[in-house]
Amino acid sequence: MAEMGSKGVTAGKIASNVQKKLTRAQEKVLQKLGKADETKDEQFEQCVQNFNKQLTEGTRLQKDLRTYLASVKAMHEASKKLNECLQEVYEPDWPGRDEANKIAENNDLLWMDYHQKLVDQALLTMDTYLGQFPDIKSRIAKRGRKLVDYDSARHHYESLQTAKKKDEAKIAKAEEELIKAQKVFEEMNVDLQEELPSLWNSRVGFYVNTFQSIAGLEENFHKEMSKLNQNLNDVLVSLEKQHGSNTFTIKTQPSDNAPAKGNKSPSPPDGSPAATPEIRVNHEPEPAGGATPGATLPKSPSQPAEASEVAGGTQPAAGAQEPGETAASEATSSSLPAVVVETFPATVNGTVEGGSGAGRLDLPPGFMFKVQAQHDYTATDTDELQLKAGDVVLVIPFQNPEEQDEGWLMGVKESDWNQHKELEKCRGVFPENFTERVP
């Protein structure tokens with residue numbers, strides 16, 4: 001019997017809930033059709049809008065904070081790997097090995113401490129802050145349902161009062177249901193009217209505390225990390241002093257000084273001939289008498305005759321120097337390798353002076369010189385040339401010199417020119433550091 005009674009109560013509750021849903025649905029339809037008035041509270045609606053905005057901002061802040069923490073974790077792992085590499089290459093007999101290992105350990109501990117404090121002082125606080133929103137959101141939705149119940153009870157009571165045949169019993173029951181619905185609604189409404197503005201105002205203090213914590217933790221972290229880096233630098237300086245005779249020299253890359261199209265020149269593959277400027281050094285010993293083989297500069301077609309003569313051989317030889325200078329000159333020249341500087345034909349107004357291509361009819365107008373692609377280059381715009389390693393390009397001047405970007409040339413592939421003889425269809429720009437000049 002108890003089970004039947006329990007089932008009866010459950011069935012009755014389900015039926016009651018179904019009836020409430022039907023009544024609310026009917027009331028909403030009548031309100032949308034304008035056949036029933038709706039109780040509105042503009043001040044509360046503004047509070048709900050603020051609540052939704054605050055929830056959206058808080059959710060985004062939580063997401064970005066988690067991304068920040070993931071980045072800190074990734075940086076920790078990268079720093080750890082880098083220090084492990086240093087420990088592996090640091091040989092046992094090098095000075096400062098123990099200090100370098102200790103610095104690596106402290107570096108790892110500092111990253112771990114920074115990440116944990118961010119979790120404790122920022123992320124957990126963020127989670128607590130957002131934890132109050134689901135309950136309030138649920139209560140706002142429930143208030144909306146109770147408001148519909150109140151409006152429905154009010155309309156039912158009013159319809160019974162205005163009916164031609166009044167049923168006092170039904171009117172009394174409807175009045176009782178109206179008072180009950182109004183009481184339930186007003187209790188929830190009053191609580192939310194107090195909580196929502198307070199929650200909205202609390203966001204300022206929360207944002208201030210959160211970002212102050214993050215900024216303070218980051219500041220302390222970088223201070224401590226700076227000390228460790230300075231200690232590591234001191235260890236490496238000590239190592240350099242002991243092994244100073246084996247100093248490593250870094251070669252200059254041409255792309256560092258030559259910004260190109262769009263203020264950024266594409267770089268050729270690492271280890272390519274075009275990636276490093278070529279300087280040919282003659283290591284042969286200097287013959288007696290001060291004459292340096294290969295030191296004579298080849299005569300450039302663009303140089304004046306006087307300058308060429310001086311560079312070509314009319315310059316006084318080392319043997320004809322003033323007394324007292326000969327010995328110093330010989331000593332200096334014998335210790336330094338001779339550098340051979342390669343020059344290319346000069347161009348004036350888009351034509352080659354002294355070049356073999358000047359005036360030839362089978363070359364495009366304004367032809368200056370040829371280059372050969374050392375690497376494949378994939379065009380990224382319609383005005384660029386697609387190059388394959390080995391392609392020969394005939395370089396021509398820009399129609400408007402102001403359009404030329406540093407590190408880029410205008411040209412037409414020799415194969416396209418021989419086939420079409422039309423510059424408009426074939427010409428395009430290409431990165432100079434992907435090519436090499438050819439005779």
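In which sense, and over how many bridges, do strand β5 and β9 pair? In this predicted model, strand β5, formed by residues 369-373, pairs with β9 in the antiparallel sense, and the pairing extends over four bridges. Within this pairing, Q372 lies opposite E436 of β9.

The two strands belong to an open sheet of five strands, arranged in the order β8-β7-β6-β5-β9 with antiparallel pairing. The edges of the sheet are formed by β8 (428-431) and β9 (435-438), each of which pairs on one side only. From one strand to the next, the twist averages 50°.

A helical pair was also examined. Helix α3, comprising residues 97-131, packs with helix α5, comprising residues 168-242, at an angle of about 175°, and their axes are 10 Å apart. Because angles over 145 degrees count as roughly antiparallel, α3 is roughly antiparallel to α5. Classified by residue type, the contact of α3 with α5 contains 18 nonpolar residues, together with seven polar and five charged residues.

The geometry of α3 itself was considered next. At 1.5 Å a residue, a span of 51 Å is expected for the 35 residues of α3, where the expected value is 1.5 Å times one less than the number of residues. The end C-alpha atoms of α3 are 50 Å apart, which agrees with that expectation. Along its course, α3 bends by about 35° at V119.

Methods. Residues are numbered from 1 along each chain as its sequence is written. This is a predicted model: local features need pLDDT of at least 70, side-chain atom pairs count only at pLDDT 80 or more; totals for chains, interfaces and linings use all residues. Side-chain values use heavy atoms; hydrogens and water are left out. Axes are lines fitted to C-alpha atoms, for helices over the stretch in contact, and angles run from 0 to 180 degrees between N-to-C directions. Angles under 35 degrees count as roughly parallel, over 145 as roughly antiparallel, 65 to 115 as roughly perpendicular and the rest as oblique. Ala, Val, Leu, Ile, Met, Phe, Trp, Tyr, Cys and Pro count as nonpolar, Asp, Glu, Lys and Arg as charged, and the others, Gly among them, as polar. The bend at a residue is the angle between axes fitted to the seven residues ending there and the seven starting there. Two strands pair if DSSP finds at least two bridges between them.
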